Structure formats: C-alpha cells, structure tokens
Amino acid sequence: MSDNMTADVAEANGDAVLLDYAGSLWVAQDNGDWAYVTDGSRLSWDVRDRLPVEYEPYRALDTAA
C-alpha cells in the first residue's frame, strides 16, 4: 500500500500533520481547519476548511518527525 493519499483520504485518516507533494507541512487545528507552515516557521493566515486537492498527494509524518 502506498503512503501517498488524496486529500479526502488524508483527512479521514486522522493524522494531525501532513506533507504535501511540494514538501509543505499542513497542520490540523483544533477546530478542524488546516493551515500550512510558512518559511518563517509559523502557521499561515491562509486557513482552509479542507485540504486542497491541488497539493495532492499527501503523506503522513511518523511520530518521530
């Protein structure tokens, strides 16, 4: 089985931190929204209620990461 997931599968999987195809980290917030980590190591103001499909595939990070 591949570690690559569509946005829908990644959301349903329940992982709180995901990596997109370009290497951006997406973080699930307590309210269910998603934000990505910026170059300044902060969460973006561009919060999404769903993971964007244009950044598929997503990959979950392991616990050590």
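The questions and answers below concern a predicted model.

Me: In what order do the four strands stand in the open sheet?
Reply: The pairing in this sheet is antiparallel. One pair in it, β1 and β2, is joined over three bridges. Across the open sheet the order is β3-β2-β1-β4.

Me: Which strands have one side left without a neighbour in the sheet, and why?
Reply: The sheet is open, with the order β3-β2-β1-β4. The strands at its edges each have a single partner strand, so one side of each has no neighbour in the sheet. These are β3 (34-36) and β4 (59-60).

Me: Which residue is the bridge partner of L18 in β2?
Reply: β1 and β2 pair in the antiparallel sense. L18 and W26 both belong to the largest nonpolar core, which has eight residues. Contacts of L51, another member of that core, include L18 and W26. The bridge partner of L18 in β2 is W26.

Me: How far from D20 is the nearest side chain of opposite charge?
Reply: D20 is found in the loop between β1 (17-19) and β2 (25-28), and D20 is buried. A salt bridge needs the charged atoms within 4 Å, and D20 has none. The nearest side chain of opposite charge is R48, and its distance from D20 is 9.0 Å.

Me: Which backbone nitrogen does the side chain of D20 reach?
Reply: Leaving aside neighbours within four places in sequence, D20 is in contact with W26, Y55, P57 and Y58. The side chain of D20 also reaches a backbone nitrogen at 2.9 Å, that of A22.

Notes. Residues are numbered from 1 along each chain as its sequence is written. This is a predicted model: local features need pLDDT of at least 70, side-chain atom pairs count only at pLDDT 80 or more; totals for chains, interfaces and linings use all residues. Side-chain values use heavy atoms; hydrogens and water are left out. Helices (H or I, at least four residues) and strands (E, at least two) are DSSP runs, numbered from the N terminus. Buried means under 20% relative accessible area, exposed over 50%, partly exposed in between (1.4 Å probe, protein chains only). Lys and Arg count as positive and Asp and Glu as negative; His and the chain ends are not counted. A polar contact is a pair of N or O atoms within 3.5 Å; within protein, one must be able to donate a hydrogen and the other to accept it, and residues adjacent in sequence count only if both atoms are side-chain atoms. Contact means heavy atoms within 4.5 Å. Two strands pair if DSSP finds at least two bridges between them. A nonpolar core is a set of buried Ala, Val, Leu, Ile, Met, Phe, Trp, Tyr and Cys residues joined through side-chain atoms within 4.5 Å.
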